[in-house]
Every structure is written in structure tokens, then in C-alpha cells.
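Q: Got a minute to walk through this structure with me? I'd like to talk about the spaces inside and how the helices pack.

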Amino acid sequence: MAAAATFLRPSTRAALAGVWLFVWLLWAAPATADPLPVFEVAPGVFVHAGRHEETDAANAGDIANCGFVVGDDAVAVIDSGGSPIVGHRLREAIRVHTDLPIRYIVNTHMHPDHILGNVAFLPDRPDFVAHGNLQAALVARGEHYRQAFDAAVGAAAAAEVRIIPPTLVVSDRLELNLGGRVLDLVAWPVAHTDNDLTVLDRQTKTLWAGDLLFMERAPAIDGSVLGWLRTLDALAVEPAARVVPGHGPPSAPWSDAAGDLRRYLSRVVEGVRKVQAAHGTIQQAVETVAADEAPHWRLFESYNPRNVTAAFAELEWE
């Protein structure tokens with residue numbers, strides 16, 4: 001067959017080459033994904049609510065809240081989801097509502113359930129916006145995140161995973177103008193992580209809190225429990241009408257949304273201090289601290305032992 005092809009006219013060979021290129025592009029391009037379901041929690045503010053589960057093959061990493069804000073000139077994505085397929089589906093959801101360019105992908109922190117969808121937006125050539133500490137966290141953990149995703153979801157689903165570095169960093173505060181709509185970004189001290197970022201849409205007073213706010217699902221301390229409580233105090237004065245949590249419902253009234261989280265973190269601190277004052281061990285703390293919080297949180301048995309362990313190590317050096 002290869003020998004016969006050498007006798008084709010140049011025009012025929014060119015036509016066949018074009019056909020094969022078209023076929024290859026169809027094969028190489030990602031299949032069109034079903035749009036993620038989103039809720040318009042305020043005019044021009046769209047949120048997808050992730051599942052209260054751990055990442056696995058069935059949910060493909062769709063376990064965190066993500067969404068987008070539409071201005072007059074451009075779109076900003078706030079967290080891109082926990083896998084490339086979630087990112088592609090989020091991008092399709094955007095295109096259901098607008099054809100405006102996707103100018104910014106804002107990552108509220110470095111955890112994989114919030115950033116692994118970034119790769120889906122590379123064709124849009126946006127700025128990837130993050131806390132100034134996020135890049136160092138990705139360097140330290142990126143390969144681990146990739147391997148963990150592969151193990152949880154499978155090699156085929158993980159093949160597209162890429163860790164995308166930020167192109168625009170926030171050391172303190174930054175404004176993003178989407179055209180008639182300004183987003184105020186704030187980089188916070190160590191709290192849930194050491195690279196937490198919030199986004200406030202001035203127009204609708206919608207606060208995207210990322211994982212500084214967990215609702216319904218048990219929180220994860222990956223920074224400082226004391227710092228987290230201080231940050232919640234600081235956030236309380238934000239002029240927000242509603243909040244989008246990193247995990248939980250698509251939105252909630254801001255005035256009392258952090259009540260359960262504040263209670264839980266305070267209970268962890270109080271319980272760990274009590275065990276330490278009695279010269280108890282980490283194991284004793286893990287078995288007893290905040291145990292009566294279990295009915296209030298999904299995935300509590302997975303996360304409370306880790307939280308108590310992290311708090312024990314932090315508070316031991318007070």
C-alpha cells in the first residue's frame with residue numbers, strides 16, 4: 001500500500017494528507033463534554049455544587065464547588081474543578097451562557113479538587129490567578145497530586161492532567177475588571193492552607209470563599225487552625241450579601257454561613273488544649289476531641305482525625 005502511494009499525483013497526495021490531518025485532529029481533540037449544571041446565585045454569577053465525596057472514577061473529581069462570573073467584556077472562572085473533564089464541562093457550561101472571552105482562571109488555593117480543571121482552559125489563553133504562595137505549594141505537591149489522581153480515577157482519565165502554574169499572583173489585594181464588573185481578590189495569611197484567596201464580586205456582593213468556608217462537608221486543616229479562626233474573624237467584616245463556599249450549597253447568606261465551621265474549629269482547639277494540659281497523647285486526642293461534632297458533618301470520620309492531629313502539632317508549641 002505504501003509503495004502504491006508513491007504513484008499518486010501531487011494534488012491527490014495533498015488531498016489525502018488533508019483528510020488524514022482532519023481525522024487526526026478529530027481523534028486528538030477532547031470530545032465535547034456535557035455542560036456542568038450551574039445555578040445562577042446572583043445576576044451573572046454561576047455556581048456548580050460538587051459532591052460530598054472523595055475523588056474516584058465515578059465522580060471524576062467533581063467534589064468541590066466551582067463556577068464563573070460574567071462581565072460586559074469577559075468571564076472569570078473561580079476554581080476550575082477537580083479533573084480535566086470537570087474543567088471541560090465547566091467550559092461548556094460557560095458557553096451555554098456567553099460567548100465572551102474567558103480572561104481569568106482564579107484558583108482559590110492549591111488543592112487538586114479546585115485546580116485540576118485548569119488544563120481545559122488553556123485554549124482560551126487566560127491569566128491563571130492565584131495567591132503568591134501557590135506556586136511553591138504546587139512545586140512541593142504537584143507530582144503527588146498527579147499520582148493520587150491517577151490512583152483514584154485511573155490512568156486514562158489522568159492522562160490529560162497538568163499542573164498549571166499561575167501567571168498572575170496576588171500578594172495582598174488585586175482588582176480584576178471584567179467590564180462593568182470588578183472582582184476584589186484578597187490573599188490571606190495561613191489558614192485553611194498557606195495560599196487561600198477570596199473573590200468578592202462588587203456588583204452582587206457575592207463572596208467566593210474557597211475552602212476558607214466548608215458547609216455540610218467536614219473541613220480539612222492544611223495550614224493553621226488558629227490562623228483559620230483569625231481569618232474567619234477578618235472575613236466577617238467583608239461587605240458580602242451571600243457566600244459561595246468551597247464545599248457545600250451553591251450559596252448561602254453570608255451573615256451566619258461560617259457559624260458551624262467556627263464552632264467546629266473552636267471545639268478542636270479547646271479539646272486539643274485540654275488533652276495537652278492533661279499530658280495526653282495525640283492518639284487520645286484523636287479518639288476524643290470534637291467527637292460529638294460527627295452528626296453535623298459529612299465525611300467526618302475521614303477528616304476529624306487528620307484535623308485533630310494537625311491541631312495537636314500546632315498547639316503543642318504555643
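Q: How do the residues of the lining of the largest cavity divide into nonpolar, polar and charged?
A: One thing up front: this is a predicted model. The lining of the largest cavity has five nonpolar residues, three polar ones and one charged one.

Q: Which residues are they?
A: The lining is made of Asn65, Cys66, Ile78, Asp79, Trp208, Gly210, Val244, Pro245 and Gly246. Two elements, β11 (206-214) and β12 (242-247), give two or more residues each.

Q: And which element gives the most to that lining?
A: That's β12, with three residues.

Q: How much space lies in the largest cavity?
A: About 40 Å³. The structure holds one cavity of 30 Å³ or more.

Q: OK, pockets now. What volume does the largest pocket have?
A: About 710 Å³. It has 25 lining residues, and the closest to the pocket's centre are Glu54, His111, Pro112, Tyr303 and Arg306.

Q: Which elements supply at least two residues of the pocket lining?
A: There are α4 (112-115), α5 (134-153), β11 and α10. Of the elements, α5 gives the most, with six residues. You'll remember β11 from the lining of the largest cavity, where it also gives two or more residues.

Q: What about the pocket lining by class, so nonpolar, polar and charged?
A: Eleven nonpolar, seven polar and seven charged residues.

Q: Switching to helices. At what angle do α8 and α10 cross?
A: Roughly 55 degrees, and their axes come within 9 Å. That angle makes α8 oblique to α10. As for handedness, α8 passes α10 in a right-handed crossing.

Q: Which residues make the contact there?
A: From α8 you have Tyr264, Val268, Val269, Val272, Arg273, Val275 and Gln276. On the α10 side, the contact is made by Phe300, Asn304, Asn307, Val308, Ala311, Phe312 and Leu315. By class, that comes to ten nonpolar, three polar and one charged.

Q: And α7 with α8, how far apart are the axes?
A: They're 10 Å apart, with helix α7 (residues 225-235) and α8 packing at an angle of about 145 degrees. Here the crossing is left-handed.

Q: Which residues are in that contact?
A: On α7, they are Val225, Leu226, Trp228, Leu229, Leu232 and Asp233. Their partners on α8 are Leu261, Arg262, Leu265, Ser266, Val269 and Arg273. The contact has eight nonpolar residues, one polar and three charged. Val269 and Arg273 of α8 are also in the contact with α10.

Q: So what about α7 and α10, what's the crossing angle?
A: Roughly 95 degrees, with the axes coming within 9 Å.

Q: Why is α7 called roughly perpendicular to α10?
A: Because the crossing angle of roughly 95 degrees falls within the 65 to 115 degrees that count as roughly perpendicular.

Q: Who's touching whom in that one?
A: Val225, Leu226 and Gly227 of α7 make the contact with Ala311, Glu314 and Leu315 of α10. By class there are four nonpolar residues, one polar and one charged. Val225 and Leu226 turn up in the α7 contact with α8 as well, and Ala311 and Leu315 are in the α10 contact with α8.

Methods
Residues are numbered from 1 along each chain as its sequence is written. This is a predicted model: local features need pLDDT of at least 70, side-chain atom pairs count only at pLDDT 80 or more; totals for chains, interfaces and linings use all residues. Side-chain values use heavy atoms; hydrogens and water are left out. On a 1 Å grid over the protein atoms alone, a cavity is a set of points where a 1.4 Å probe fits but cannot get out, and a pocket is an open set with protein on both sides within 12 Å along at least five of seven lines; lining residues have an atom within 4 Å of a point. Grid points are joined across faces, edges and corners, and a volume is the space filled by probe spheres set on the points. Helices (H or I, at least four residues) and strands (E, at least two) are DSSP runs, numbered from the N terminus. Ala, Val, Leu, Ile, Met, Phe, Trp, Tyr, Cys and Pro count as nonpolar, Asp, Glu, Lys and Arg as charged, and the others, Gly among them, as polar. Axes are lines fitted to C-alpha atoms, for helices over the stretch in contact, and angles run from 0 to 180 degrees between N-to-C directions. Angles under 35 degrees count as roughly parallel, over 145 as roughly antiparallel, 65 to 115 as roughly perpendicular and the rest as oblique. A crossing is left-handed if the near helix is turned anticlockwise from the far one by less than a right angle, and right-handed if clockwise. Contact means heavy atoms within 4.5 Å.
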